[in-house]
Amino acid sequence: MSIFREFRQISKYFGRQHTGHDDSQAILTVQDLTVNYASGYALDKISFEVQSGQRLAVVGPNGAGKSTLFKVIAGVLNNYSGRVQVSGGEP
């Protein structure tokens, strides 16, 4: 298979739209998100909401919990308490 054919197949996969979310809901809702590792809290009762058209920047020093936050939002990390919704649905 040529590299171009493989690229087209990959592009089709990533170009699919996820249909499980409600567009009338906030794009991202995080309420009282807490993630506790053995070494301590990575996130402790974080809450925010992002509406359509808004932008959000996540900044902070190393170890502040930025990657942990995105892992929860992406659904990769499930060991947390609180509520996370992406367009009204689960991450």
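These exercises, each with a worked solution, concern a predicted model of a protein chain.

Residues are numbered from 1 along each chain as its sequence is written. Local features need pLDDT of at least 70, side-chain atom pairs count only at pLDDT 80 or more, totals for chains, interfaces and linings use all residues, and side-chain values use heavy atoms, with hydrogens and water left out.

**Exercise 1. Overall description**

Task: State which secondary structure elements the protein chain has and what pattern they follow.

Solution. Step one is to list the elements: the chain has two helices and three strands. Helices (H or I, at least four residues) and strands (E, at least two) are DSSP runs, numbered from the N terminus. Step two is to read along the sequence, which gives α-β-β-α-β. Step three turns to totals: 22% of the 91 residues are buried, where buried means under 20% relative accessible area, exposed over 50%, and partly exposed in between (1.4 Å probe, protein chains only). The chain exposes about 7100 Å², and carbon and sulfur atoms supply 50% of this area. Accessible areas come from the Shrake-Rupley method with a 1.4 Å probe; for residues, only the protein chains shown count as cover.

**Exercise 2. The sheet**

Task: Determine the strand order of the sheet and which strands are at its edges.

Solution. First, the order is S2-S1-S3 in an open sheet of three strands, with antiparallel pairing. Two strands pair if DSSP finds at least two bridges between them. Next, S2 and S3 each pair on one side only, which makes them the edge strands. The twist from one strand to the next averages 20°.

Then take the pairs in turn. S1 and S2 are joined in the antiparallel sense by seven bridges, and the two strands form a hairpin with two residues between them. S1 and S3 pair, also antiparallel, over five bridges; here valine 30 has valine 84 in S3 as its bridge partner.

**Exercise 3. Two strand residues**

Task: Decide whether threonine 29 and isoleucine 46 are buried or partly exposed, and list their contacts.

Solution. Start with threonine 29, which belongs to strand S1. Its relative accessibility is 7%, so threonine 29 counts as buried. Leaving aside neighbours within four places in sequence, threonine 29 is in contact (heavy atoms within 4.5 Å) with Phe48, Glu49, Arg83, Val84 and Gln85.

Isoleucine 46 lies in strand S2. With a relative accessible area of 30%, isoleucine 46 is partly exposed. Isoleucine 46 is the bridge partner of leucine 33; their C-alpha atoms are separated by 4.9 Å, although the two residues are 13 apart along the chain. With neighbours within four places again set aside, the contacts of isoleucine 46 are Val30, Gln31, Asp32 and Leu33.

**Exercise 4. Helix H2**

Task: Explain why the buried residues of H2 line one face of the helix, and find what they pack against.

Solution. Begin with the buried residues of H2 (residues 66–74): Thr68, Leu69, Val72 and Ile73. Seen down the helix axis, these fall within an arc of 135°, so they line one face; the arc is that of the directions from the helix axis to the C-beta atoms. On the other side, Ser67 and Ala74 are exposed.

The buried residues pack against strands S1 (28–37), S2 (40–50) and S3 (81–86). H2 lies across these three strands and runs at about 120° to S1. Axes are lines fitted to C-alpha atoms, for helices over the stretch in contact, and angles run from 0 to 180 degrees between N-to-C directions. Finally, glycine 75, just after H2, takes a positive phi of about 85°.
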